[in-house]
Amino acid sequence: MRDDHGNVVGSAKEGDHRFPAIFAEITASVGRVILGKDEQVRLALCCLFAGGHLLIEDIPGIGKTTLAKVLAGVLGLEFRRIQCTSDMLPGDILGVSVFEQKNSVFTFHPGPIFTQVLLSDEINRATPKTQSALLEAMEERQVTIEGKTRSLPRPFFVIATQNPFEQAGTFPLPESQLDRFLIRIELGYPDRSSEHDLLLGGGTQQELAAIKPLLTPEEVVHFQHQAAAVKASDTLINYIQNILDFTRNDPAFYMGLSPRAGLNLLRAARVWAFTDRRNYVLPEDIQQIMPFVVGHRLRRAEDQAEMGRDELIALLNTVPVPS
Amino acid sequence: MKTDSKRPATSYHMAPDSRRPPGLRFVKSAQGHPASGSFADLSLLPILWAVIVCTLPHFINVAWWVVFACLFLWTYIALAARYVWPLPGKTFSRMLAGLFFVGAMTTHEGFTIEAFVALLSLMVALKLFELRSDHDRKQTVILCYFLIVGGLFFGDTIEATLYKFFSIIFTTAVLIHLNRPGRGGPSPLKLALLLIGQALPIMVVLFLFFPRIQGGLWGRTHANSARAGFSEEINFGSLTDLAKNNEAAFRVEFAGDMPLQKFLYWRGVVLWDFDGKTWRRGLSHHTTPAKRIKGEQPVNYIITLEPHNKRWLFSLDLPRKIDLPITWLLNDYSYYSWQPVNRRLTYSGLSYLDGVDDSLPAFTTEIALRLPAGANPRSRELAESLRRESSSETDFIGLTLAYFKAQNFLYTLNPPILTTAADDLDQSQIDRFIFESRQGFCEHFAGSFVFLMRAAGLPARMVVGYQGGKRNPYGEYLVVRQSDAHAWCEVWVTDQGWQRIDPTGEVAPERLLANPAQALPAGETGRFLFLPDLGVFGEWLGPVRNYWDYLNSRWNRLVIGYSFNEQTGLFSRFGFSFAGWQGFGTALFTAVAGAVLLVVLLGFFMHRPPASVRDEVAEAWVIFGRKLAAIDLPRRPGQGPIDFQEYVLRQRPDLAGSVTEIVAAYVRLRYAATGGSSSDRSILRAMVKKFSPAKQEAV
C-alpha cells in the first residue's frame, strides 16, 4: 500500500488525475538541484499548493535561496527576493509613490512584494514594523498604500528564512507572526552522499538554468482549488479536534493550538493526501505533516522553548484516532 | 465560558483561564445576526411560512375581508423582501392596526372568539413588517403558538388535531432555526420532532390525570357547533331540506344484537298542534311525567349525539330510561335536556321495541283531536267517508293506509310547493297534497295521516326523529345521519294505546328497509358524492368512508369525550376513590409525581451523549482491533488504519488478504465515502465477524 516514496497509495476517484504525476515530476525536478532533501521539497510544494507560506529555519549556505528559485522556476512563477536588514522600511517591500515633476502626479512604484514567489531572506533581521507589514500582506494577499488597495498576484507564495543561531541584532518573530506560516521546515546539512554529489557536480547555477517550467501559474491555482476539495470526513475532523484539544489541555504545552492552526493542519493534509492520489484525507496524512505545521506554534510549558520534533511526535502519537 | 453578547461581535477573543495565566483559550463568541432591518434577511421566509401555516385554519372562521387582508399582507411582505419595496412607517402601521381592531370587532358580532382570532391573525401578519431585531423575530414565531391555541376553540376533529400537531412542529422548527442560524447539528425539523416526541408522554399523562373540566376536550363548547337538525316546527318541506344533508346526527352502539332496520325508529320530538300549516309541540302537557313502560324486548344502547343546539334528545322507540343527568322524560315519551345540546353527548339508554304508551289523560285527548276549523274540507270528507266504511278503529287505520297505497302517491325529495296564492290562508295544503299533487316526503304523509285520523275522531300525533341508520362494519355501530330524518304518526286506539303508524312505509316500503335514498325515484338523491351515484368509485370509497367514520367515532368517544366521569373511573381502577377532595388530591399528587418520574426517566434514557449513538463502522473497527489485540497485535490509540495495517502485516504476512480487505473497506466508509450505504456497512461487519486470526505459534 505504499509506493517507493513511502506514500500511502489509495485510489483517486475524481479530480484531475494529472496532479500526482506532475507533482512527482516537480519533486524530481527540484530534487536534481536540491540534493537529498526530498521530504523538505515535498513539504515546500505541499505548502505552496495549500496556498500557505513557508518558513525555513536554518543557517546560511544550506540552499534556501536555491530552493526558492527552483520552486519558482519549475512552477513557472515570477520570483523576487528581499534581503531583510534592520534599516529596511515597509516601503522598501511594498512600494512607494513618487512625485513625478514632469506630469505633477504621484506614480506608484510597486515594491518587490508584487511577485508570485517572494523569498524574504533573514526575516528576523528586519524591524518589527517591516516584519508586520510583510506578514500582513502575506495574510491579506493585498497591499494598501496611501489609501489604495492593490491585490497581489496569484498565486502568491512567501518563503521566509531565519537563522535561529545568530541572535545579535535580530528581532525574532513573535508567536502571533509565526502562526501565519503554514509550514516550517529546517533544511539541515545534506547527507554525505548528497554532499558528495553536490561537490562533484559543481555549479548549481547551471542546474538552475536548466530548469524548465512544468506548470503555468493558472495550473498552479487550478491544482490549489482541486486540493482544497479533497474530502475530510467527520471522523478525520474529530481526529484533528482531538489533537487541538490535546494541545489545549495537556500540561506539557505552554499554550494550545489556535483554530487557525487546526485549519492549516487540515489544509496541508488535504494537499498531502492529494499528492498521494487520494481524494480523501487519512489520519496518517495528518500525522505526517503535523510536526511541520504545529512545530513552530507549540512550546514546552516549563521553559517556553520549542519542542524537538521527536518529542512532539511522541506526545501527539498518544492522541487517539477515532475508530 | 461566558461571552459578553453586548460587546461588538468578534469572532474570537481571549477568555481568562486561571490555570494558565497567559494561555490563549479560543472561545467562539455569539455570532451577531446579519444586519437587521434589511429585508433580504434569510429568516423572513421561515417566519412567514410559520405564520401562514398557523393562520390558514382560521380562514374558515373569520370574515372574508380578514382573509384578503392577511393574504395581501403576506404577499406584500414576501415580494417586498424580494424586490426591496418600501415598508410602511410606524404611523401607518398603527393606523392600520387600529383599523383592523375596529374592523374585527364590528364584523364578527362583537367580542366573540372569532373576532379575537381575526384580530390575532391580522396583527401577526402586521408584525411581519416589524422584524427589526432578533427579539421581533422570536416574538412573531411565539405569536404563532397563540394562533394554534386559538384553533382549539373551533375544532377537535382528527384532521384538525393532526394539523395542530403539524403546525406546532413546524413552528418549533422555525423557532429552533432562528436560534441557531447556519449552525450544524441535526436539522431544526428533526430537533423539533424530537422535542415534541419527548413532550408526548407528558401530554398523555396530563391528559389522563389532570382534573377534567366538564366540556369538550379543550374545555369549551365549540364556536361552530351549530349543526343541522330539524326544528320544533315542521312545515311541509322542512324535512326534505334535511334529507339532503349527509352529516351524522348521532351514532349508536348496541349492547346486544342490532334490532331489525324496520324497528329502528329514533324518537325525537312529538308534535301535537296543527294550525293548518305548521306542526308544533304545544306546551300544555309537558309537566306530566310519563309512566315507566314495560315490554318483552329490551334493547340497551349507547348514543353519541352530535350537537344540534336544541334541547331534545333521541331514544329508540319506545324509551324507558336514558342515563344522562338532568333530563326529563315527558309524557309523550320525548326526552329533554336542561340545556341545549351544544356539545357532543354520550348516554346509554334502555328501550322496549314492543313498549306501548297506554296513557291518554283527559286533557291530551282534546289536544290530540284539535284541528283548525274549516280547513281542508275535502280531506275531512274523505276521513269521514272512510270512517263510515270501516268497522272499527283499526279497520279505519288500515283503510286509510290502503288509500295512500292505492292512489299512487309518490315519495320524493322534491315535492311541488303546496302553498299557492294563499287566498285561503293556507288552509287547504293537505287537500292539495291528497287530491292534487300526491307527491311528498315523509312529513307530508305523516301530517296528512294525522289530519285524517283527527278528522275522523281518533286522537293522533306526529312524531319526528330519525328512522334506520347505517351500520358501520368496522366498529359495529350505527350511524344515523340527518338524511335519515323521518316523521311518522301515533294514533290512539282504544284499549291498545298509542299505535305507531308510518304511512310513508305504505307508499315507499323501501324507506324502512335500508337506505332512505333507495326509496326515492332514480336520479333524485340530492346529495353531493352520493355513493351509489359514483359507480365503481363509490364501491371503493364506501369502506374508506366507513372506516373514517369509525375512526372519528372512536376519537370522539375516547379522546374528545374523555370526561370527568371517565377520569373518575380510571382513577378508581387504580385504587383511588373520589370521596371528597382528599382522594382527588392523592390522585393528582400521584399523577404529577408519576409525570415527573417519567420525565426524569426519559431524560435519563434519551439524554445519552451522541457518541453512544450506534455506529456500526466504529463497532466493527473496535472488534477488529480487539481480535488483533488478542493475538498480541494491538493497535496504538494514535495509530491510523494504514499504519496499523502495515504493522500487522509486518508481523503476520499470512493475514494479508483479510486484513487488507477489512482496512480498505473501513477506510472507504470512514474517510472516503460520505457515510456509505447500509449494505457497505453490513459487508464490513460480516468481514470483521468472519475474521478470526489464529495466534501464531512461537517459533
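Start with chain A, where you'll find 13 helices and nine strands. Keep in mind that this is a predicted model. Colour chain A by burial and 54% of its 323 residues come up as buried. Its accessible surface comes to about 14200 Å², with 52% of that belonging to carbon and sulfur atoms. If you draw a contact map, look away from the diagonal: of the contacts between residues at least 6 apart in sequence, 76% join residues at least 24 apart.

**Stop 1: the five-stranded sheet in chain A**

Select E2, E5, E8, E1 and E9 of chain A. In that order they form an open sheet with parallel pairing. Strand E2 (79-83) and strand E9 (183-185) are at the edges, each with a single partner strand, so one side of each has no neighbour in the sheet. Look along the sheet and you can follow the twist, which averages 20° from one strand to the next.

Now zoom in on E1 (residues 54-57) and E8 (residues 157-162) of chain A. Four bridges join this parallel pair. To get your register, label Leu55(A), which stands opposite Ala160(A) in E8(A). As a reminder of what holds such a pair, strands of a sheet pair through backbone hydrogen bonds, either parallel or antiparallel.

Then add helix H2 (residues 38-49) of chain A. H2 lies across E1, E8 and E9 of chain A, and runs at about 160° to E9(A).

**Stop 2: Gln116(A) and a cis bond**

Next, select Gln116(A), in the loop between strand E4 (105-110) and strand E5 (117-121) of chain A. Is Gln116(A) buried or exposed? Its relative accessibility is 11%, so Gln116(A) counts as buried. Show everything around it: leaving out residues up to four places away in sequence, Gln116(A) touches Gly76(A), Leu77(A), Glu78(A), Pro153(A), Arg154(A), Pro155(A), Phe156(A), Phe157(A) and Pro217(A).

What does the side chain of Gln116(A) reach at 3.2 Å? The backbone oxygen of Arg154(A). Stay on Arg154(A), since there is something else to see: the peptide bond from Arg154(A) to Pro155(A) is cis, with omega near -10°. Pro155(A) itself is in the loop between strand E7 (148-151) and E8 of chain A.

**Stop 3: a covered strand in chain B**

Switch to chain B and select strand E4 (residues 248-254). Six of its seven residues are buried, so to speak of it as mostly covered is fair. Two antiparallel partners are worth showing. E4(B) pairs with strand E19 (residues 477-481) of chain B over four bridges, and there Ala248(B) stands opposite Arg481(B). E4(B) is also joined to strand E8 (residues 298-305) of chain B by five bridges, with Phe254(B) partnered by Tyr301(B).

**Stop 4: a small detour to three strands**

Select E9, E13 and E12 of chain B, which in that order make an open sheet with antiparallel pairing. The edge strands are E9 (312-313) and E12 (327-329), each pairing on one side only. Two bridges join E9(B) to E13 (residues 335-337) of chain B, and Trp312(B) has Tyr336(B) as its bridge partner.

While you're in this stretch of sequence, check omega from Asp317(B) to Leu318(B): that peptide bond is cis, with omega near 0°. Leu318(B) lies in the loop between strand E10 (315-316) and strand E11 (319-323) of chain B.

**Stop 5: Ala368(B)**

Move on to helix H9 (residues 362-369) of chain B and pick Ala368(B). With 0% relative accessibility, Ala368(B) counts as buried. Beyond its neighbours within four places in sequence, Ala368(B) is in contact with Trp272(B), Arg454(B), Leu458(B), Pro459(B), Ala460(B) and Trp498(B). Try a C-alpha distance to Leu458(B): 8.1 Å in space, for 90 residues in sequence.

**Stop 6: two positive phi angles and a helix pair**

Asp495(B) has a positive phi of about 70° without being a glycine. Find it in the loop between strand E20 (485-493) and strand E21 (497-501) of chain B. At 78% relative accessibility, Asp495(B) counts as exposed. Asp632(B) is another non-glycine with positive phi, about 65°, in the loop between helix H18 (616-630) and H19 of chain B.

Finish on H19 (residues 641-651) and H20 (residues 656-672) of chain B. Their axes are 10 Å apart, at an angle of about 175°, and the two helices are therefore roughly antiparallel. Residues making the contact include Pro641(B) and Leu649(B) of H19(B), and Ala656(B) and Tyr671(B) of H20(B).

Technical notes
Residues are numbered from 1 along each chain as its sequence is written. Chains are lettered from A and ligands numbered from 1 in the order in which they are written. This is a predicted model: local features need pLDDT of at least 70, side-chain atom pairs count only at pLDDT 80 or more; totals for chains, interfaces and linings use all residues. Side-chain values use heavy atoms; hydrogens and water are left out. Buried means under 20% relative accessible area, exposed over 50%, partly exposed in between (1.4 Å probe, protein chains only). Contact means heavy atoms within 4.5 Å. Accessible areas come from the Shrake-Rupley method with a 1.4 Å probe; for residues, only the protein chains shown count as cover. A polar contact is a pair of N or O atoms within 3.5 Å; within protein, one must be able to donate a hydrogen and the other to accept it, and residues adjacent in sequence count only if both atoms are side-chain atoms. Two strands pair if DSSP finds at least two bridges between them. Axes are lines fitted to C-alpha atoms, for helices over the stretch in contact, and angles run from 0 to 180 degrees between N-to-C directions. Angles under 35 degrees count as roughly parallel, over 145 as roughly antiparallel, 65 to 115 as roughly perpendicular and the rest as oblique.
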